[in-house]
Amino acid sequence: MPGLDDLYQQLILDHYRRPRHRGTLTDPTIEVDQHNPLCGDELHITVRIVDDQITEIAHAGEGCSISQSSASMMSDAVVGHSVADALTMIEHFRRVMHGDVAADETILGDAIALEGVAKYPVRIKCALLSWMALKDGLINGTPTAQEDQ
Amino acid sequence: MTHAALIDPLRVRQDFSLLDPTEGGARLVYLDSAATSQKPNAVLEAMDDYYRCANANVHRGVYRLAQEATERFEDGRRAVAELVTAPLPGTIFTKNATEAINLVAWAWGLRTLRPHDVVMVTEMEHHSGIVPWQIVAKMTGAEVRFAPITPEGELDHEWIDHTLASAPVRMVSIVHVSNVLGTINPVTDIVARAHAHGALVLVDASQSVPHMPVSFADIGCDFMAFTGHKMLGPTGIGVLVGRPELLDEMEPFLGGGEMIADVRTDGSDWADLPSKFEAGTPPIAESVGLGAACAYLSSLGLDAVRAHEVHLTAYALDALSEIEGLRIFGPRDPARRGGAISFHLPDLHPHDIAQLVDADNICVRAGHHCAKPLMRALGVNATARASTYIYNDTGDIDAFVTALHRARAYFAG
């Protein structure tokens, strides 16, 4: 579609149609809920951490193509990495979304396809939702579900 | 709706620079008037002329320019009061409809509500009709109860009657036309039932005053709130209409200049209505613009405006219903609803819909529409919403439906 292909790249549509790591882990190390107050989208992320390594991650909930594909790409990116590495990735992705740095594919993997979202200010929150949820979970340990306002 | 001249949207569009393709180039399909309407040139010109030729602060100036400004400002109030058949002293300017409801919640509710008193709102309320009451309920110990909606998107009137009869309901704060479902609530009837049980009624008429004849006197409610920018007027001005005898009894909401009769070191006295509730310099140019908007609506005739809405809504409901899997929220009878149509597509998120149809120059809204309790009642996080007004035609609906099909194909891959 004219003018939108930089936003909706094929890789994004692919992750949206066939999301990776979709679901909920049983007995996760970390469990976090996040919602986007702008659109009402909700996201539930569960993570298993063994010896400081993210061994498994799953995301559930409802959202637009950007938030859903972003959750899928993020899960792909962080699984198998240490908590510290994941936090570095999240910070890099956040800065990419705010247009502070160019996206580094070696850090982000498929999520580099989301770089174009930075040009659509109202959609940046959609792309960041899952990453901020994971950051919240990793920093705050095992937070209880954030109460919906 | 007899004798109503028909609206010619193509003719109307010529009065709106932003929508006139001869001025703007590519044609804009604006289907978000429930959020804010576009402004006719007559409104822009009236405000421009006020600033260029008559700008002064109102009410206290002795010089002729200040008198001219005061007259134009008060002409706006008269036009609004006439449009909705409201008492002039009870027609108060606020910043928006939200402030108008907050004014009642604070100036009436905070001083009147007692622990266990009930404020009845509805599940289809805009957040502006919920949150002010929640804040005041927390401070007074009163309770906010939500009238549920039926699967058809109408109010559960049995619940309302049962609650009025069994609970100490002091206030019913209810939307006239839902900004999500389009439902037109039978407010005149609800007012009579609430009054029979001693409850006051505030009607949020933000989505009705722009679109149909609305009479404060005929509805019989105690307070009515609406906003200028959804009825062809500027942002920055809203209206609270109240029964003057109630407003007289109430304490002020905001304090400052303009709203006093006397200020002493040991206390102050309040000005008469409506000034008592208009602290500080009021929205002067905005009143002028709103007056011009009222004149524009009256020249079209609100019966004709409503007839056009019914016509377009019927067309849009039919066209959208033909899309496979599309679920429309709210009443299906165009005579029972306004022109805001919210819907859900199983395979296309509202945000993506709004983003994709924007590529075709079509403006629709996506999200919770400041009605999260309603979203929960409907079992969705968000909806897409198309809403029409006097400048829309069936061609706009066709363009939107075509764009929806394109968006769907794009995502299906």
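Two residues are in contact here if their C-beta atoms, placed from the backbone, lie within 7 Å. On that basis, this predicted model can be described through the overall build of chain A, the interface that chain A forms with chain B, and the surroundings of B:P282 in a loop of chain B.

**Chain A: fold and dimensions**
- Chain A contains 5 helices and 3 strands, and their order along the sequence follows the pattern α-β-β-β-α-α-α-α.
- The radius of gyration of chain A is 14 Å, which agrees with the value near 15 Å that a compact globule of 149 residues would have, while the C-alpha trace spans about 45 × 35 × 30 Å along its principal axes.
- Of the 149 residues in chain A, 42% are buried.
- Among the contacts in chain A with a separation of 6 or more, 65% join residues that are 24 or more positions apart.

**Interface between chains A and B**
- In the interface, 16 residues of chain A are in contact with 15 residues of chain B, and the side belonging to chain A divides into 8 nonpolar, 4 polar and 4 charged residues.

**B:P282 and its surroundings**
- B:P282 lies in the loop that runs between β10 (267-270) and α11 (284-300) of chain B, and it counts as buried because 22 C-beta neighbours fall inside 10 Å, the cut-off for a buried residue being 20 or more.
- Once neighbours within four places in sequence are left aside, B:P282 is in contact with B:V58, B:F73, B:F93 and B:S287.
- From B:P282 to B:A407 the separation is 125 residues in sequence and 45 Å in space, taken from C-alpha to C-alpha.

Conventions: Residues numbered from 1 in each chain as written. Chains lettered and ligands numbered in written order. Predicted model: local features only at pLDDT ≥ 70, side-chain atom pairs only at ≥ 80, totals over all residues. Helix = DSSP H or I, 4+ residues; strand = E, 2+ residues; numbered from the N terminus. Rg over C-alpha atoms; globule rule 2.2 N^0.38 Å. Buried ≥ 20, exposed ≤ 12 C-beta atoms within 10 Å, placed from the backbone. Nonpolar A, V, L, I, M, F, W, Y, C, P; charged D, E, K, R; others polar.
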